[in-house]
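User: I'd like to learn how to read charged pairs and backbone angles in a model. Could you walk me through a case?

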Amino acid sequence: MMTTISSYSTTYKGNTRNNQATKREWNASSKQRLLVRLAAAVLLFVLLFTGLTLMTSYAGSEHPASPTALEQVVVIGAGDTLWDIAGRVRKDGQDIREVVYSLKKRNNLSNGTLQAGQSLIVPVG
């Protein structure tokens, strides 16, 4: 029995001008897609950054709003504490801890430390 081994191969690559033009067109269109994606990503980043910056600038205001008709401004003296002031402005039966918390929140205080000369907005007692 005789076995034949075929080593058929071709060197024909078709029309090389068409292949090169197709490759150039594909490269150009892939570059365009990449640029469009990059531009969209940059635009999204700018919008997110701007939005977050605006949110934090308005949300984290260090200065409280102006006092209303039911509030007054008190200037802190030497030795005054937030608990002393809360004791002076609280109503009968009101928990002093709630008053301290509301004073801290109203005046955007991160802790209970006060300095002489500092102004606090407190409810009219």
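Analyst: Gladly! Keep in mind that this is a predicted model. Let's begin with Glu 71, which touches Ser 66, Arg 106, Ile 121, Val 122, Pro 123 and Val 124, leaving aside residues up to four places away in sequence. Glu 71 itself lies in strand S1, which covers residues 71-75.

User: Which side chain makes a polar contact with the side chain of Glu 71?

Analyst: That partner is the side chain of Arg 106, at 2.9 Å. The general idea is that side chains of opposite charge can pair when their charged atoms come close. Here, Glu 71 and Arg 106 form a salt bridge, with 2.9 Å between the closest N and O atoms. This pair links distant parts of the chain: Glu 71 sits in strand S1 and Arg 106 in helix H3, 35 residues apart.

User: How many salt bridges does the count come to?

Analyst: The count comes to three. Besides the pair we just met, Asp 80 and Arg 88 meet through their side chains at 3.4 Å, N to O. Asp 95 and Arg 97 form another salt bridge, where the closest N and O atoms are 2.8 Å apart.

User: Now accessibility, please. Why does Arg 106 count as partly exposed?

Analyst: The class follows from relative accessible area: buried is under 20%, exposed is over 50%, and partly exposed is in between. Arg 106 counts as partly exposed because its relative accessibility is 22%.

User: What about the other two pairs?

Analyst: Take them one residue at a time. Asp 80 is partly exposed because its relative accessibility is 23%, whereas its partner Arg 88 has 53% and is therefore exposed. In the other pair, Asp 95 has a relative accessible area of 27%, so it is partly exposed. Arg 97 reaches 56%, so that residue is exposed.

User: Let's turn to the backbone. Which sign does phi have at Asn 108, positive or negative?

Analyst: The general idea first: most residues other than glycine have a negative phi. Asn 108 has a positive phi of about 55°, although it is not a glycine.

User: Where is Asn 108 found?

Analyst: Asn 108 is in the loop between helix H3 (96-106) and strand S2 (119-123). With a relative accessible area of 40%, Asn 108 is partly exposed.

User: Could you tie the helix back to where we started?

Analyst: Happily! Helix H3 holds Arg 106, the salt-bridge partner of Glu 71 in strand S1, and the loop with Asn 108 runs between helix H3 and strand S2.

Conventions
Residues numbered from 1 in each chain as written. Predicted model: local features only at pLDDT ≥ 70, side-chain atom pairs only at ≥ 80, totals over all residues. Heavy atoms only, no water. Helix = DSSP H or I, 4+ residues; strand = E, 2+ residues; numbered from the N terminus. Polar contact = N/O pair within 3.5 Å; in protein donor to acceptor, adjacent residues only side chain to side chain. Contact = heavy atoms within 4.5 Å. Buried < 20%, exposed > 50% of the residue type's maximum accessible area, 1.4 Å probe, protein only. Salt bridge = Lys/Arg side-chain N within 4 Å of Asp/Glu carboxyl O.
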